[in-house]
Each structure stands twice: as C-alpha cells, then as structure tokens.
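Me: I have a structure to go through before lunch. Can you walk me through the strands and then the cysteines?

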Amino acid sequence: MRSTVPSAFTVIAAAAFCASPSTAQTYSNCNPTVTNGCPPDSALGRSVNINFASGASDSFTAQGNPTYNSNGASFTISRSGDSPQLTSKWYIMFGKVEITMRAAPGAGIVSSCVLQSDDLDEIDWEWLGAQDNQVQSNFFGKGQTTTYNRGAVHAVTGTQDGFHTYTIDWTANQIVWQIDGTTVRVLQPNAANGQYPQTPMQLKIGAWSGGDYSNQPGTVAWAQGPTDYSRGPYTMLVRSVAVSDYSTGTQYTYSGTSGTWQSIVAAGGTVNSGGSSNTGSAAPAITSTASGNIIPFAGGHKDSSSTYTTPNVYPWVPQSTTLATSAVATNYPGLPSGWTVTSSGKVVPPSSAASPLAPIVFTSWSPVSLPASLLALGPEVVTSYDQRGFPTLVNVVP
C-alpha cells in the first residue's frame with residue numbers, strides 16, 4: 001500500500017532519490033547469468049491475440065492503474081509519479097510481437113513497448129511525446145551499455161493522431177522492426193557487437209515521464225522535457241497486442257550462465273531458433289537491408305560531451321555510471337528494523353506479503369526548512385514511489 005505523505009516529503013524524497021544515483025541500479029530479481037538456482041520462466045508457448053477494447057487481460061500484471069474502454073487500454077500520466085504499465089505473466093523464447101497503438105503526446109512523456117529478459121537482454125520501441133512523426137528502436141544485450149550506437153529513429157506519420165501497428169519479429173538469426181507491415185530495421189547477430197538479445201523475454205507496455213523534475217538532466221534532455229503536467233493528462237492508448245512464441249513448452253530455464261539461446265531449456269517443449277509451425281507464424285526471410293528512414297542514433301542515450309548516462313535498460317532507472325547487473329540481494333543497507341528480504345531478493349515489510357515490485361532503494365536524509373509540526377513527529381520511515389513506480393524507503397530524520 002502506498003503511504004500518504006505530505007507534499008513536502010514527496011518532493012524532497014524525489015530529490016534525495018536522484019541526488020544519489022549510484023544507489024539506483026536496474027536490477028533483475030534473479031539474473032541467471034550471475035547466480036545459480038533462479039526460478040524458471042513461465043512460457044507462453046503459443047500465439048495469443050489480445051483485444052484491450054474488451055477489457056483487461058489476465059495475461060498481464062498491471063501497475064499504476066491502466067484503464068480500459070472501447071478504444072483499448074489507456075496509460076495516462078496526470079502528475080509526477082504516474083507510470084502505468086502492463087507486464088506479461090509469461091515469457092517468449094524468440095517470437096513476434098505486434099502492438100496496435102497511439103503514442104502519448106507531451107514534451108517529456110515517453111511511451112514504450114519493451115521485450116526484456118531476466119539477464120537484461122532487451123528489444124525496444126520508444127515514442128517521445130515531443131515528436132509526433134517518429135519512433136525509436138533499440139536493443140541491449142545482458143544490460144551492457146558500453147556503447148550507445150544501437151538505437152535508430154524511424155519516420156512515421158501521426159504517431160499521436162491515429163493508430164499504427166508496430167512489430168518486433170525476433171529469431172536467432174535476426175531482429176526485424178516493422179511499422180504497419182513495412183520493415184524499417186533489421187539486426188543480425190554479427191552486427192550486434194556480441195550483444196545480440198537471445199534469452200526468454202517478458203513483454204512490458206507503458207508510459208512514463210522522462211521529463212519529470214526528479215530525473216537527472218540527461219534523462220530530461222533525452223525525453224525532450226521538462227514535463228508540464230498542467231497541460232496533461234497525457235495518454236498512450238493500446239488497442240491490441242498479438243504475440244507468438246516461436247518456442248514451445250511450459251517453462252524456460254537457463255542451463256549454465258552463458259546466456260546463449262542454446263543454453264535455454266524448454267520444459268515439455270522445444271526451443272526453436274526461428275518461426276515454428278506450432279505457433280501458426282513463420283519467421284521472415286533473412287534480409288541484409290531495411291527499407292524506411294533510419295537515422296543513426298548519435299546522441300539520445302548518451303551525450304559524449306557529458307558525464308551522465310541517460311536511460312538505457314527498462315525501466316530506465318537513472319544512474320551515474322554504466323549499468324551493473326546484480327545477483328539476488330539478501331540485504332540492503334539501511335533496511336528498517338523488522339523488514340526482511342526473501343530468498344528471491346524481494347523486500348518484505350513487517351507482517352506483509354512479498355512485494356511484486358522491484359528491489360527497494362533506501363535513502364537516508366535530513367529534511368531542511370520543514371514546519372516544526374512535522375519535525376516534532378520524530379524519525380519515521382516513509383514508503384514513497386519514484387516516477388517508474390518503484391518503491392523507495394525514505395528515513396526522515398529530524
């Protein structure tokens with residue numbers, strides 16, 4: 001449950017969070033390439049076609065209160081801290097994702113469709129609300145961000161005015177990005193500098209405010225913010241999602257820590273490197289070129305003239321250094337008395353069920369210029385949430 005705290009606390013908590021970016025890492029609750037014994041991933045193992053105009057789907061876990069009507073699923077940002085999102089309950093091991101959607105408008109607002117694995121392989125579509133005539137594609141392997149030349153910008157008319165269908169078709173041989181059926185980018189493993197995504201992926205759909213005041217300057221600049229919430233609300237609208245898993249079975253497990261697709265084991269099925277007749281979908285023929293307008297991504301995720309690192313791996317937790325993946329943590333510095341950490345790395349408050357969210361970041365700070373009535377309350381631990389919906393513990397010390 002989210003604690004209700006005075007607005008002054010919320011503002012200062014957000015500032016404290018971004019003042020210590022070294023503590024804000026993107027985590028995998030259990031990264032199979034750095035630790036043994038991670039739980040298996042539930043496999044989709046088939047094809048699904050989800051029409052959000054019919055309401056919520058039990059294929060997804062909702063966060064941040066997406067809403068539904070005859071137009072589809074709405075992901076609305078009205079104020080700082082809003083970050084509505086859907087995360088699939090299943091993984092695919094190579095496959096095809098088609099999303100029919102309308103991107104959210106607004107400087108600083110980011111709409112996203114992301115495939116991400118437990119070891120932080122990633123394939124992205126991202127739409128900036130400040131640009132209604134383009135979409136960005138990107139990929140990452142094992143969370144490595146040593147280079148920032150992986151993204152591309154693609155021209156598309158009216159991303160915020162009407163619906164378009166955006167496709168990711170992912171096999172062991174290539175990743176194909178398509179807009180309304182037209183291929184705009186093809187990536188093959190030999191062009192990925194050893195970072196080709198190849199492990200079981202979850203689908204994550206949502207909107208967030210990259211231009212929020214609490215983000216680092218690099219994040220705000222990349223999102224073309226700052227965000228003016230008085231001009232909102234800003235809504236990303238998703239009509240439908242069609243997903244085909246090219247592999248079959250009920251679960252996907254990593255054997256060893258190599259993170260290669262050949263090391264993935266499908267329980268009760270088969271890992272297929274390309275399209276499978278069992279899904280009713282076939283992988284496209286391998287191509288070496290792509291049509292459409294691709295502009296090299298020269299700046300966006302990192303400005304070479306600056307010292308900051310802007311968002312790189314979903315959910316884009318800002319940080320001051322390159323991404324560091326983590327094994328399951330069993331203790332976090334400053335964890336309040338009575339709070340525990342489960343074997344899977346989840347932080348659990350006293351007498352509470354395990355949290356389904358990401359590991360908590362703990363920040364200790366001393367408030368300044370607060371009313372005496374608040375200071376008189378004495379020390380307390382406040383549960384706040386950052387702009388991506390991640391819980392943050394703030395120890396308020398008079």
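Reply: Start with strand β16 (residues 234-245): 10 of its 12 residues are buried, so β16 is largely enclosed by the rest of the structure. Buried means under 20% relative accessible area, exposed over 50%, and partly exposed in between, with a 1.4 Å probe and protein chains only. Strands here are DSSP runs of E, at least two residues long, and helices are runs of H or I of at least four, both numbered from the N terminus.

Me: Is this experimental or predicted, and what are the ground rules?

Reply: This is a predicted model, where local features need pLDDT of at least 70, side-chain atom pairs count only at pLDDT 80 or more, and totals for chains, interfaces and linings use all residues. Residues are numbered from 1 along each chain as its sequence is written, and side-chain values use heavy atoms, with hydrogens and water left out.

Me: OK. How many bridges join β7 to β16, and which way do they run?

Reply: Strand β7 (residues 95-102) is joined to β16 by eight bridges, and the two run antiparallel. Two strands count as paired if DSSP finds at least two bridges between them. Within this pairing, M101 has V238 of β16 as its bridge partner.

Me: What about β2 and β5 against β16?

Reply: Strand β2 (residues 47-51) pairs with β16 in the antiparallel sense over five bridges, and S47 sits opposite S244 in β16. Strand β5 (residues 72-77) also pairs antiparallel with β16, over five bridges; there, S74 has L237 as its bridge partner.

Me: Switching sheets. What is the strand order in the open one with β17?

Reply: The order is β1-β17-β18, an open sheet of three strands with antiparallel pairing. Its edge strands are β1 (41-42) and β18 (264-267), each pairing on one side only.

Me: And how many bridges between β17 and β18?

Reply: Four bridges join β17 (residues 251-254) to β18, and the strands run antiparallel. Y254 in that pairing faces I264 of β18.

Me: Now the cysteines. Which ones form a disulfide?

Reply: C30 and C38 are joined, with an S to S distance of 2.0 Å. The rule is a pair of cysteine sulfur atoms within 2.5 Å, and by that rule the count is one disulfide.

Me: Left- or right-handed?

Reply: The disulfide is left-handed, because the torsion about the S-S bond of C30 and C38 is about -85°.

Me: Are those two buried or exposed? And C113?

Reply: C30 and C38 are both buried. C113 is buried as well, since its relative accessible area is 2%.
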